[in-house]
Number of protein chains: 2
Amino acid sequence: MADEPYIARRPKRADGRRNYDAILAAARKAFETDGSEASLEDIAGQAQVAIGTLYRHFPTRASLVEAATRDGLADLIAEADRLAAEADPLEALAAWMGRAVRHFSTFRGLVGILTASMYDEGTPSHAACSAMHQGGARLLEAAQGAGRVRADLTADELFDLLSGAAWVRESGPADRDGSERFLTMVLEGIVTREA
Amino acid sequence: MADEPYIARRPKRADGRRNYDAILAAARKAFETDGSEASLEDIAGQAQVAIGTLYRHFPTRASLVEAATRDGLADLIAEADRLAAEADPLEALAAWMGRAVRHFSTFRGLVGILTASMYDEGTPSHAACSAMHQGGARLLEAAQGAGRVRADLTADELFDLLSGAAWVRESGPADRDGSERFLTMVLEGIVTREA
DNA sequence: CGGATATACTGAGACAGCCTCAGGTTAAGG
DNA sequence: CCTTAACCTGAGGCTGTCTCAGTATATCCG
């Protein structure tokens, strides 16, 4: 608890809000193009704002990434709740896994930041990551309760599998998205089954 | 074929070889500690060599990484051949997968470089990566031929799974190596089987 | 409307890391 | 020894991060 994680707050003054939003929009575009390591100076330039202004609103790169992906993560968490109400727990889990992988690989570098956030409390995205962890764990437990998923799989392990799939998606060649098949293999296993 | 990939060659003069080796040793240590993004200036400093000397021997970071991991990759390839001679094809494949994952995560950032090399011919590690790809593919085919592994799994997909596991290993918390269980899940699948 | 004031903006500059290249050094062969 | 190709050096240009002293202005309130 040495220092509070920076959660960028929407500022009070009108010009502040304008700049905050402009920076966020520029950041989303830049992250999409160049990944999470996009130049902050470029982002500031695109937002027509001096570099100091960017740092005023987003003191760390992680805080900017967090703000840029906040809505998407919230959607993902909401989706977990929605799917939990579905009839088939295995289908719900599988569907959510696909969605999670897609969110994790919104842009290059995101999975890494999210994974780090999961285990480091002093990080802007930690709270949201924990919430997502819970959502995923609930879906997993439901599927396990129904006897559809092996009982010895932990939520942490599930997220390892999801992160791996997301990493493959963001790192592989542009013309091949391996994550779909990746998840199939994870679900079904690569070893043949006895009939 | 625009430009040849740069494979660092052991230089001719005695002082050149000395420096080359010193840089390589320093690089291995630095990569281990700081990952593949370790400061090249620091590495040069540790090797008691000016920065220009480092660049003379290793014109790109990738070429230094390639040289630093060349032996390990060669061992891995040799191991594939050795295991191919084993009795049980599935055991051979599984054993090799574990070994591959361990090599891929020798230090932070390696998997990314290796994955990029796999699909980009203009890269120092491309040749070795291709050889490794072949070795893995042979083990896979053997296991598939024996009916032990699902026939629709391609070698590319296998490497996706391995890369994912390696990435989890290098990115996860230091006190938990998720790659072991990761591979178990990949092999067996997380969905329960009908008896 | 006209201060007062907290909030916000600016951009120069310190610093770190990458990479190049012109100029100096030296090992090795004859 | 002398030649020469191989090698080494480190200043310097460049990009990018991050800070901070100085300046501007939105907003509130009388």
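**Exercise 1. Find the domains of chain A and describe how they meet.**

Solution. Chain A splits into domain 1 (14-59) and domain 2 (62-190), with bounds from an automatic or database domain assignment. Next, take the centres over C-alpha atoms: domain 1 of chain A and domain 2 of chain A are 27 Å apart. For the contact, domain 1 of chain A and domain 2 of chain A give 10 residues each; residues are in contact if their C-beta atoms, placed from the backbone, lie within 7 Å. Finally, the domain 1 side holds 5 nonpolar, 2 polar and 3 charged residues. Here Ala, Val, Leu, Ile, Met, Phe, Trp, Tyr, Cys and Pro count as nonpolar, Asp, Glu, Lys and Arg as charged, and the others, Gly among them, as polar.

A word on conventions: this is a predicted model, where local features need pLDDT of at least 70, side-chain atom pairs count only at pLDDT 80 or more, and totals for chains, interfaces and linings use all residues. Residues are numbered from 1 along each chain as its sequence is written, while chains are lettered from A and ligands numbered from 1 in the order in which they are written.

**Exercise 2. Work out which helix gives the most to the side of chain B that touches chain A.**

Solution. Start with the contact, which takes 32 residues from chain B and 32 residues from chain A. On the chain B side, α6 (110-119), α8 (155-171) and α9 (179-188) each supply at least two residues; helices are DSSP runs (H or I, at least four residues), numbered from the N terminus. The answer is α8(B), with 9 residues. By class, that side has 15 nonpolar, 10 polar and 7 charged residues.

Key: Contact = placed C-beta atoms within 7 Å.
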